[in-house]
Amino acid sequence: MKDSEIVYNILHKGETRLFAMVVKKYGDMIFSKSLGITKRKDVAREITQQTLVRAYSRLSDFRGQELGAWLIAIACHLSLNHLEKEKRERGNFDCNRLEIIDEEGYEERENAIRQMEEAICSLSADDQKIIRLHYYDSMKTEDVAKSVGLSQSNVLVRLHRIRERLRKQLTLQKTE
(Lines give C-alpha, C1' and ligand atoms only; values in the text may rest on other atoms or scores of the structure.)
Protein backbone atom coordinates (compact mmCIF):
# COMPACT_ATOMS: atom_id res chain seq x y z
CA MET A 1 0.00 0.00 0.00
CA LYS A 2 1.34 3.43 -0.96
CA ASP A 3 1.92 6.10 1.68
CA SER A 4 -0.73 8.35 0.17
CA GLU A 5 -3.27 5.49 0.37
CA ILE A 6 -2.39 4.83 4.00
CA VAL A 7 -2.88 8.49 4.87
CA TYR A 8 -6.12 8.66 2.91
CA ASN A 9 -7.52 5.56 4.64
CA ILE A 10 -6.58 6.84 8.08
CA LEU A 11 -8.06 10.28 7.51
CA HIS A 12 -11.14 9.44 5.44
CA LYS A 13 -12.03 5.90 6.42
CA GLY A 14 -10.97 6.02 10.06
CA GLU A 15 -8.58 3.08 9.69
CA THR A 16 -6.22 4.32 12.41
CA ARG A 17 -4.64 0.88 12.81
CA LEU A 18 -2.85 1.54 9.51
CA PHE A 19 -0.57 3.97 11.30
CA ALA A 20 1.19 0.90 12.72
CA MET A 21 2.43 0.33 9.15
CA VAL A 22 3.92 3.81 9.14
CA VAL A 23 5.64 3.15 12.48
CA LYS A 24 7.03 -0.18 11.27
CA LYS A 25 8.12 1.20 7.90
CA TYR A 26 9.72 4.47 9.09
CA GLY A 27 10.43 4.12 12.82
CA ASP A 28 14.02 2.90 12.41
CA MET A 29 14.77 5.54 9.79
CA ILE A 30 13.46 8.31 12.07
CA PHE A 31 15.50 6.94 14.98
CA SER A 32 18.67 6.78 12.85
CA LYS A 33 18.25 10.33 11.61
CA SER A 34 17.62 11.64 15.10
CA LEU A 35 20.55 9.68 16.51
CA GLY A 36 22.78 11.11 13.80
CA ILE A 37 21.84 14.63 14.88
CA THR A 38 21.64 14.27 18.66
CA LYS A 39 24.29 11.53 19.15
CA ARG A 40 22.30 10.14 22.10
CA LYS A 41 20.13 7.01 21.96
CA ASP A 42 17.78 8.07 24.75
CA VAL A 43 17.10 11.41 23.09
CA ALA A 44 16.74 9.77 19.67
CA ARG A 45 14.13 7.36 21.08
CA GLU A 46 12.18 10.24 22.60
CA ILE A 47 12.34 12.27 19.39
CA THR A 48 11.21 9.22 17.39
CA GLN A 49 8.12 9.01 19.60
CA GLN A 50 7.51 12.75 19.39
CA THR A 51 7.87 12.63 15.60
CA LEU A 52 5.32 9.86 15.24
CA VAL A 53 2.87 11.52 17.63
CA ARG A 54 3.23 14.86 15.85
CA ALA A 55 2.87 13.23 12.44
CA TYR A 56 -0.26 11.37 13.49
CA SER A 57 -1.84 14.50 14.98
CA ARG A 58 -1.00 16.49 11.84
CA LEU A 59 -1.61 13.83 9.26
CA SER A 60 -4.10 16.09 7.51
CA ASP A 61 -1.17 18.44 6.73
CA PHE A 62 0.61 15.76 4.69
CA ARG A 63 0.55 16.74 1.02
CA GLY A 64 3.25 14.65 -0.61
CA GLN A 65 3.59 11.21 -2.04
CA GLU A 66 6.55 10.19 0.16
CA LEU A 67 5.69 10.03 3.84
CA GLY A 68 9.28 9.20 4.78
CA ALA A 69 10.64 12.58 3.71
CA TRP A 70 7.92 14.36 5.67
CA LEU A 71 8.62 12.29 8.78
CA ILE A 72 12.37 12.90 8.49
CA ALA A 73 11.75 16.64 8.19
CA ILE A 74 9.73 16.53 11.42
CA ALA A 75 12.42 14.46 13.15
CA CYS A 76 15.17 16.84 12.01
CA HIS A 77 13.19 19.81 13.25
CA LEU A 78 12.56 18.21 16.65
CA SER A 79 16.19 17.06 16.94
CA LEU A 80 17.56 20.50 16.16
CA ASN A 81 15.09 22.10 18.56
CA HIS A 82 16.27 19.71 21.25
CA LEU A 83 19.92 20.64 20.63
CA GLU A 84 19.07 24.35 20.68
CA LYS A 85 17.20 23.92 23.97
CA GLU A 86 20.20 22.13 25.50
CA LYS A 87 22.50 24.85 24.20
CA ARG A 88 20.32 27.57 25.73
CA GLU A 89 20.19 25.75 29.04
CA ARG A 90 23.97 25.38 29.06
CA GLY A 91 24.41 28.95 27.85
CA ASN A 92 22.32 30.63 30.53
CA PHE A 93 24.56 32.70 32.68
CA ASP A 94 24.18 34.98 35.64
CA CYS A 95 25.09 38.58 34.81
CA ASN A 96 26.38 38.99 38.35
CA ARG A 97 28.87 36.13 37.98
CA LEU A 98 30.87 36.89 34.86
CA GLU A 99 33.98 34.78 34.70
CA ILE A 100 37.02 35.87 32.75
CA ILE A 101 38.89 33.10 30.98
CA ASP A 102 42.49 34.17 30.69
CA GLU A 103 44.06 31.82 28.20
CA GLU A 104 47.27 32.78 26.49
CA GLY A 105 46.61 34.25 23.03
CA TYR A 106 42.89 34.67 23.66
CA GLU A 107 43.05 37.46 26.21
CA GLU A 108 41.97 40.22 23.82
CA ARG A 109 39.08 38.18 22.41
CA GLU A 110 37.93 37.12 25.86
CA ASN A 111 38.13 40.72 27.06
CA ALA A 112 35.94 41.85 24.16
CA ILE A 113 33.40 39.11 24.96
CA ARG A 114 33.43 40.05 28.64
CA GLN A 115 32.87 43.72 27.78
CA MET A 116 30.00 42.82 25.48
CA GLU A 117 28.40 40.64 28.16
CA GLU A 118 28.79 43.42 30.72
CA ALA A 119 27.25 45.88 28.28
CA ILE A 120 24.33 43.53 27.67
CA CYS A 121 23.89 43.02 31.41
CA SER A 122 23.66 46.78 31.86
CA LEU A 123 20.57 46.90 29.61
CA SER A 124 17.05 46.81 30.99
CA ALA A 125 15.58 43.35 31.52
CA ASP A 126 13.24 43.84 28.53
CA ASP A 127 16.12 44.82 26.23
CA GLN A 128 18.22 41.91 27.48
CA LYS A 129 15.37 39.54 26.68
CA ILE A 130 15.05 40.88 23.12
CA ILE A 131 18.81 40.58 22.53
CA ARG A 132 19.00 37.08 23.96
CA LEU A 133 16.00 35.80 22.01
CA HIS A 134 17.22 37.27 18.73
CA TYR A 135 20.97 36.67 18.92
CA TYR A 136 21.50 33.89 21.44
CA ASP A 137 18.42 31.83 20.60
CA SER A 138 18.48 32.77 16.89
CA MET A 139 14.80 33.70 16.87
CA LYS A 140 13.40 35.67 13.97
CA THR A 141 12.12 39.14 14.82
CA GLU A 142 8.56 37.99 14.14
CA ASP A 143 8.92 35.26 16.78
CA VAL A 144 10.64 37.62 19.22
CA ALA A 145 7.73 40.02 18.79
CA LYS A 146 5.22 37.31 19.67
CA SER A 147 7.30 36.21 22.64
CA VAL A 148 7.60 39.69 24.18
CA GLY A 149 4.19 41.01 23.13
CA LEU A 150 5.34 43.71 20.71
CA SER A 151 4.89 44.30 17.00
CA GLN A 152 7.63 43.11 14.68
CA SER A 153 8.40 46.69 13.63
CA ASN A 154 8.70 47.69 17.28
CA VAL A 155 11.17 44.84 17.85
CA LEU A 156 13.21 45.94 14.82
CA VAL A 157 13.37 49.51 16.14
CA ARG A 158 14.28 48.30 19.63
CA LEU A 159 17.02 46.05 18.24
CA HIS A 160 18.46 48.97 16.27
CA ARG A 161 18.44 51.24 19.33
CA ILE A 162 19.90 48.55 21.57
CA ARG A 163 22.73 47.90 19.10
CA GLU A 164 23.47 51.61 18.90
CA ARG A 165 23.57 51.86 22.70
CA LEU A 166 25.88 48.88 22.94
CA ARG A 167 28.12 50.25 20.19
CA LYS A 168 28.45 53.60 21.99
CA GLN A 169 29.08 51.94 25.33
CA LEU A 170 31.78 49.66 23.90
CA THR A 171 33.38 52.57 22.04
CA LEU A 172 33.55 54.55 25.30
CA GLN A 173 35.13 51.58 27.08
CA LYS A 174 37.85 51.34 24.41
CA THR A 175 38.76 55.01 24.75
CA GLU A 176 39.04 54.84 28.53
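In which helix is the place of D127? D127 has its place in helix α6, and the sections below begin with the overall make-up of this predicted model before returning to that residue and its surroundings.

## Overall make-up

The protein has 8 helices and 0 strands, and from the N terminus on its elements run α-α-α-α-α-α-α-α. Of its 176 residues, 32% count as buried.

Among the contacts between residues at least 6 apart in sequence, 52% join residues that are at least 24 apart. Several pairs of this kind of separation along the chain are described below for α5, α6 and the loop between them.

## Helix α1 and its two faces

Helix α1 covers residues 3–13, and within this helix D3, I6, V7, N9 and I10 are buried. These residues lie on the same side of α1 because they cover an arc of only 165° around the axis. As a general point, an α-helix has 3.6 residues a turn, so residues three or four places apart point the same way.

The face of α1 turned away from the buried side carries H12 and K13, which are exposed. After α1 comes G14, and the phi of G14 is positive, near 70°.

## Helix α2 and the loop to α3

S34 is found in helix α2, and with a relative accessibility of 0% S34 counts as buried because the cut-off for that class is under 20%. Leaving aside residues up to four places away in sequence, S34 touches K39, V43, A44, I47 and S79.

One of these partners, K39, lies in the loop between α2 (19–38) and α3 (41–57). K39 is exposed, with a relative accessible area of 62%, so the contact list of buried S34 includes an exposed residue, K39. The backbone of K39 also deserves attention, since K39 is not a glycine and yet has a positive phi of about 65°. For comparison, most residues other than glycine have a negative phi.

## D127 and the buried residues of α6

The buried residues of α6 are D127, Q128, I130, I131, R132 and L133. For D127 the relative accessibility is 6%, and on that value D127 counts as buried because it falls under the 20% cut-off.

What does D127 touch, when residues up to four places away in sequence are not counted? The partners of D127 on that basis are R158, I162 and R165. With R165, the side chain of D127 makes a polar contact of 3.0 Å. With I162, which is 35 residues away along the chain, the separation of the C-alpha atoms from D127 is 7.1 Å.

## How α6 packs against α7

Two packed helices are described by the angle between their axes and the distance between the axes. Helix α6 (residues 125–136) and helix α7 (residues 141–148) pack at an angle of about 140°, and their axes are 9 Å apart. The crossing of α6 and α7 is right-handed. On the α6 side the contact is made by K129, I130, L133 and H134, and on the α7 side by T141, V144, S147 and V148; these residues divide into 4 nonpolar, 3 polar and 1 charged.

Two residues of the α6 contribution, I130 and L133, also appear among the buried residues of α6. S138 follows α6, with a positive phi near 55°.

## Helix α5 and the loop to α6

E118 is found in helix α5, which spans residues 107–121, and E118 counts as partly exposed at 31% relative accessibility. The C-alpha atoms of E118 and L170 are separated by 9.7 Å, although the two residues are 52 apart along the chain.

S122 lies in the loop between α5 and α6, where S122 is partly exposed, with a relative accessible area of 46%. What is the separation of the C-alpha atoms of S122 and L166, which are 44 residues apart along the chain? The C-alpha atoms of S122 and L166 are separated by 9.4 Å. In addition, the side chains of S122 and Q169 are joined by a polar contact of 3.3 Å.

Note on methods: Residues numbered from 1 in each chain as written. Predicted model: local features only at pLDDT ≥ 70, side-chain atom pairs only at ≥ 80, totals over all residues. Heavy atoms only, no water. Axes fitted to C-alpha atoms, helices over the stretch in contact; angles between N-to-C directions. Helix = DSSP H or I, 4+ residues; strand = E, 2+ residues; numbered from the N terminus. Left-handed = near helix turned anticlockwise from the far one by under 90°. Contact = heavy atoms within 4.5 Å. Nonpolar A, V, L, I, M, F, W, Y, C, P; charged D, E, K, R; others polar. Buried < 20%, exposed > 50% of the residue type's maximum accessible area, 1.4 Å probe, protein only. Polar contact = N/O pair within 3.5 Å; in protein donor to acceptor, adjacent residues only side chain to side chain. Arc of directions from axis to C-beta.
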